[in-house]
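Biologist: I am new to this structure and would like a close look at a single part of it, the largest cavity. Please describe its lining with care and define the terms as you go.

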Amino acid sequence: MRAAELRALLDQASYEYYILDRPTLSDAEYDRLFRELQGIERDHPELRTPDSPTQRVGSPAVSALPKHTHLTPMLSLGNAFSDDEVREWEERIVKIAGDEVRRAGYSAELKIDGAAISLRYDDGVLVVGATRGNGVIGEDVTANLRTVRDVPLRLRGTPPARVEIRGEIYYPFDLFERMNEERVRSGEPVFANPRNAAAGALRQLDPSITATRPLRFFGYTVVPAPGERLPFRTQGEVLAALKGWGVPVAPHHRHCATLEEVARWSHQIEHEVRATLNFAIDGGVLKVDDLALQDDLGVVGGRDPRWAIARKFAPDIAVTRLLDIRVNVGRTGALNPYAVLDPVEIGGTTVTYATLHNEDLVRAKDLRIGDMVQVKRAGEVIPQVIGPIPEQRTGEEREWRMPSTCPACGHTVVRDDEEVAWYCPNVSCEGRRLEGLVHFASRAAMDIRGLSDARMEQLVAAGFVRDVADLYALTVEQLLTLERFAQRSAEQLVEAIAASRAQPLSRLLFGLGIRHVGAGAAELLARHFGDLDHLMRATEADIAAVHGIGETIAHSVITWFAAPGARDLIERLRGHGLTFAEPQAPAASGALKGLTVVITGTLPTLSRQEASSRLEAAGARVTDSVSKKTSFLVAGEAAGSKLDKARALGVEVIDEAELLRRLEHPA
Ligand SMILES: [Zn+2]
């Protein structure tokens with residue numbers, strides 16, 4: 001009973017998250033329900049089902065992948081490289097099926113550059129998932145496909161009793177990048193090409209490896225079991241049915257009534273949409289929309305359908321020479337290597353610069369100055385260097401190393417291993433000056449009205465502002481010497497800057513541009529320490545113990561305040577009368593005022609976040625590590641080392657029920 005209920009809840013949550021893009025369950029809540037279901041299934045294996053969300057974590061490895069014969073062959077498409085070739089295709093099929101083809105129109109869909117798969121569902125439950133293979137026989141990779149988060153384990157609604165869904169497995173660019181960054185950090189080789197990497201992940205013998213890869217799925221067609229018919233008349237209806245069953249369908253598909261519309265659609269996708277997508281496409285697919293006409297047109301040689309064609313786009317990858325690797329300095333001082341390229345045309349734009357992310361990635365890709373490299377421009381504004389073509393090396397190529405001094409200010413650079421990045425620790429480094437100043441004045445930080453990027457540039461160029469403290473010394477007279485300032489606007493700006501002195505500590509901390517300290521972390525720190533002097537006196541361990549902060553941020557904060565010029569900057573800001581304090585939210589009851597509390601394990605009803613906010617509302621401080629100063633530990637299920645430590649130190653341990661009682665009726 002409870003197992004079925006949990007499966008339904010988790011299934012619904014995944015559907016809302018992956019398909020509707022409207023999450024209703026927090027990650028913590030999902031994890032809690034997931035673990036509860038795992039527990040039930042562990043104790044009662046007979047309750048385990050193949051469509052249980054717990055099956056997504058991967059099953060035991062196999063020594064070889066079994067073969068799988070598709071219900072009907074997986075088709076391969078002919079290509080059209082221009083609108084003219086699409087017209088020739090239409091002329092060919094009109095000769096066979098008549099003018100009706102033109103009346104039915106076309107379904108135009110994105111052609112995902114991933115790995116093709118088929119999924120068989122019996123009574124709505126996924127029973128077999130297979131690679132395309134040679135189109136007739138593929139490999140059974142069901143266990144791997146179960147780990148792909150948006151492959152439905154059970155179809156929603158009322159699908160036919162036996163049906164095969166076909167589609168494409170791919171890596172979203174953002175998740176692919178993040179995976180590569182993590183691989184660099186753990187010393188593993190990076191994947192160059194999302195498509196090959198997706199195909200490789202699918203064919204893993206150990207599903208628990210596939211489960212760690214952020215693969216995603218788009219479905220595009222439905223194949224009936226032999227001898228059966230599907231209740232659809234058009235491809236448009238097929239796509240709508242897939243969505244209804246909870247199968248993700250690629251965006252931007254459209255019914256085009258004429259070839260003119262098809263041409264407009266392909267050009268829009270190629271030149272506008274493609275660069276905004278978070279996944280790779282290599283063109284569009286055009287299908288005769290009417291399924292009966294598709295049958296009439298048939299399949300040539302059992303493999304090539306006459307009724308569909310791939311409209312290929314110009315490649316978004318080009319080959320050019322890597323002329324140099326240079327470094328720029330970001331707002332927080334991070335040194336980012338970038339590639340200077342022999343200018344090359346990709347998808348209608350000339351590309352001269354490309355990002356290289358960080359030093360480790362340059363090394364992992366073995367990029368050398370002078371290499372011929374593949375450059376890709378897709379999915380994002382900044383082009384990327386995929387990798388070198390080592391076969392074309394002449395021996396003249398040079399290895400590259402991160403410079404040991406900041407290219408902007410000459411200060412010795414520092415390595416941040418957590419972020420696999422080098423950065424310039426000089427808080428008044430010229431390289432980070434302008435970006436840092438703009439950030440300080442931005443709405444999320446000190447919110448100084450009327451201080452646009454252009455005006456900030458003016459102030460810096462005039463030599464009036466070298467760091468954030470200089471802003472508070474600006475005078476109306478100084479501003480009046482600049483272009484585009486009148487008496488009124490100069491006065492307004494000076495007033496707006498003065499008004500920002502009253503901003504709370506959290507905004508100041510965020511505005512200072514300390515590495516890893518985003519708006520959220522700044523608020524946690526400000527709330528915990530109350531004022532800047534307390535924070536500056538804190539040790540790294542004190543800061544790391546703040547709930548939600550951790551060692552990376554703590555180290556970064558300590559390093560920032562220890563850096564040359566930092567204390568001086570703070571004293572100058574103090575001299576200008578900035579508020580160094582955070583207004584404390586009045587404790588609702590103050591029932592637990594002054595107590596320091598640690599939470600560990602999974603509580604039966606409250607999420608960690610809820611418990612923390614209720615404790616804080618009652619005046620308690622919630623920290624992450626148990627010490628002698630801890631007032632009490634709230635322990636839930638699966639509490640680990642913190643519970644042991646609390647016992648060793650003689651710290652009181654209570655459960656959720658007792659916590660709720662104390663929140664209601666303080667001792
Ligand atoms: Zn510098």
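Modeller: In sorting a lining, Ala, Val, Leu, Ile, Met, Phe, Trp, Tyr, Cys and Pro count as nonpolar, Asp, Glu, Lys and Arg as charged, and the others, Gly among them, as polar. This is a predicted model, in which local features need pLDDT of at least 70 and side-chain atom pairs count only at pLDDT 80 or more, while totals for chains, interfaces and linings use all residues. Residues are numbered from 1 along each chain as its sequence is written, and side-chain values use heavy atoms, with hydrogens and water left out.

A cavity is a set of points, on a 1 Å grid over the protein atoms alone, where a 1.4 Å probe fits but cannot get out, and its lining residues have an atom within 4 Å of a point. Grid points are joined across faces, edges and corners, and the volume is the space filled by probe spheres set on the points.

The structure holds 5 cavities of 30 Å³ or more, and the largest has a volume of about 200 Å³. Its lining has 16 residues, of which Val 427, Gly 436, Leu 437, Val 468 and Leu 512 are the closest to its centre. By class, the lining divides into 7 nonpolar, 4 polar and 5 charged residues. Helix H13 (residues 430–441) gives the largest share of this lining, 4 residues; helices here are DSSP runs of H or I, at least four residues long, numbered from the N terminus. The largest cavity lies between domain 4 (430–502) and domain 5 (505–575), because both give residues to its lining, with domain bounds that come from an automatic or database domain assignment.

Methods:
1 Å grid on protein atoms, 1.4 Å probe; cavity = no way out; pocket = protein on both sides within 12 Å on 5 of 7 lines; lining within 4 Å. Helix = DSSP H or I, 4+ residues; strand = E, 2+ residues; numbered from the N terminus.
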